[in-house]
Amino acid sequence: WAQFFGRGLVHPTDDFSENNPPSHPEVLQLLADQFAAHDFDLTFLIRAIAATKVYQRSSVRTHASQSDSTTFARAAVRGLTHEQFFDSLAEAVGFYQPYRRDNPFVIDSESPLGRFIELFRNDAESALDQRSPIQQALALMNGDFVGDATSLTPSRTLRAVTEFPLMSPEERLETVFLAALSRPPADHEMEVFAEYVTQAEGPEQRASALADVFWALLNSSEFLLNH
């Protein structure tokens, strides 16, 4: 439950005691009973939680009472974990993260993933309590990995989009939106970004403008947050 919602029915999740009762004891008991009845199948438990109305709620606040995170009255907006963020970024830009064949579960501290884990490390007990320090924001805007990921030569995604000769500017924009945000651009986004890209003179300048758009999408709250 805590993994999906950022806060457990018991908070903190490692303090199951009489002095720390669950916020929704009936829900916890139902989940526990069904988990046991299905031979402790985690896949069943995940599907059951994902199928609930509470998991499918919007993060938009429509009433003041929804500010209390313990009620689960709306979806909580929270940052991705460092592993989730790095994997999302790697998927978007086409980065291949090599692993150690002798021990694939050991992360090289000098690898891009290792540096991200160290930089984004957070000791908050709840995902809802995590804060992003200024170093993280600067790393996203100016760091080497994100810089390479949004440069024309190192980025596989950008290179493929800009070098394919049969795509229109609108199709290139739609492709980078799909790569970064898993959705096509809205009409107003297409209008603004298409104007920015097409006003550039020459193929190289238009490709550079498209890289700027990709950088902006990867630094947007839609990419950075689980919402």
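Which residues have the most contacts inside the largest nonpolar core? The close-up views below, all taken from a predicted model, begin with this core and then turn to a helix pair, a salt-bridge network and local backbone features.

**View A. The largest nonpolar core and the helices that supply it.** This core comprises 24 residues, and those with the most contacts inside it are Leu 173, Val 176, Phe 214, Leu 217, Leu 218 and Phe 223. At least two core residues come from each of α4 (82–93), α8 (156–163), α9, α10 and α11 (203–218). The greatest contribution is that of α11, which gives seven residues. A second core, of eight residues, lies apart from this one and includes Trp 1, Leu 9, Leu 45 and Val 54.

**View B. The surroundings of Phe 223.** When neighbours within four places in sequence are set aside, Phe 223 is in contact with Leu 80, Phe 85, Ser 88, Leu 89, Ala 92, Ala 180, Leu 181, Leu 217 and Leu 218. Of these partners, Leu 217 and Leu 218 are, like Phe 223, among the residues with the most contacts inside the largest nonpolar core.

**View C. Packing of helix α2 against helix α3.** Helix α2 (residues 25–37) packs with helix α3 (residues 42–50) at an angle of about 145°, and their axes are 9 Å apart. The crossing in which α2 passes α3 is right-handed. From α2, Leu 31, Gln 34 and Phe 35 take part in the contact, where they meet Leu 42, Phe 44, Leu 45 and Ile 49 of α3. Six of the contact residues are nonpolar and one is polar, while none is charged. Leu 45 of α3, a participant in this contact, is also one of the eight residues of the separate second core.

**View D. A salt-bridge network around Arg 183.** Two salt bridges are counted in the model, and they link Arg 183, Glu 189 and Glu 222 in a network. Arg 183 meets Glu 189 with an N-to-O distance of 2.9 Å, and the corresponding distance between Arg 183 and Glu 222 is 2.7 Å. The latter pair joins distant parts of the chain: Arg 183 belongs to the loop between α9 (169–181) and α10 (187–198), whereas Glu 222 belongs to helix α12 (residues 221–224), 39 residues apart. Glu 189 counts as buried because its relative accessibility is 17%, under the 20% limit. Arg 183, at 22% relative accessibility, counts as partly exposed. Glu 222 is likewise partly exposed, with a relative accessible area of 29%.

**View E. The cis peptide bond preceding Pro 12.** The bond from His 11 to Pro 12 is cis, and its omega is near -5°. Pro 12 is located in the loop between α1 (2–5) and α2.

**View F. Positive phi values at Phe 40 and Ser 182.** Neither residue is a glycine, yet phi is positive at both: about 55° at Phe 40 and about 60° at Ser 182. Phe 40 is found in the loop between α2 and α3, which connects the helices shown in View C. Ser 182 is found in the loop between α9 and α10, as is Arg 183 of the network in View D. Phe 40 counts as exposed because its relative accessibility is 56%, over the 50% limit. Ser 182 also counts as exposed, at 64% relative accessibility.

Technical notes
Residues are numbered from 1 along each chain as its sequence is written. This is a predicted model: local features need pLDDT of at least 70, side-chain atom pairs count only at pLDDT 80 or more; totals for chains, interfaces and linings use all residues. Side-chain values use heavy atoms; hydrogens and water are left out. A salt bridge is a side-chain nitrogen of Lys or Arg within 4 Å of a carboxyl oxygen of Asp or Glu. Buried means under 20% relative accessible area, exposed over 50%, partly exposed in between (1.4 Å probe, protein chains only). Helices (H or I, at least four residues) and strands (E, at least two) are DSSP runs, numbered from the N terminus. Axes are lines fitted to C-alpha atoms, for helices over the stretch in contact, and angles run from 0 to 180 degrees between N-to-C directions. A crossing is left-handed if the near helix is turned anticlockwise from the far one by less than a right angle, and right-handed if clockwise. Contact means heavy atoms within 4.5 Å. Ala, Val, Leu, Ile, Met, Phe, Trp, Tyr, Cys and Pro count as nonpolar, Asp, Glu, Lys and Arg as charged, and the others, Gly among them, as polar. A nonpolar core is a set of buried Ala, Val, Leu, Ile, Met, Phe, Trp, Tyr and Cys residues joined through side-chain atoms within 4.5 Å.
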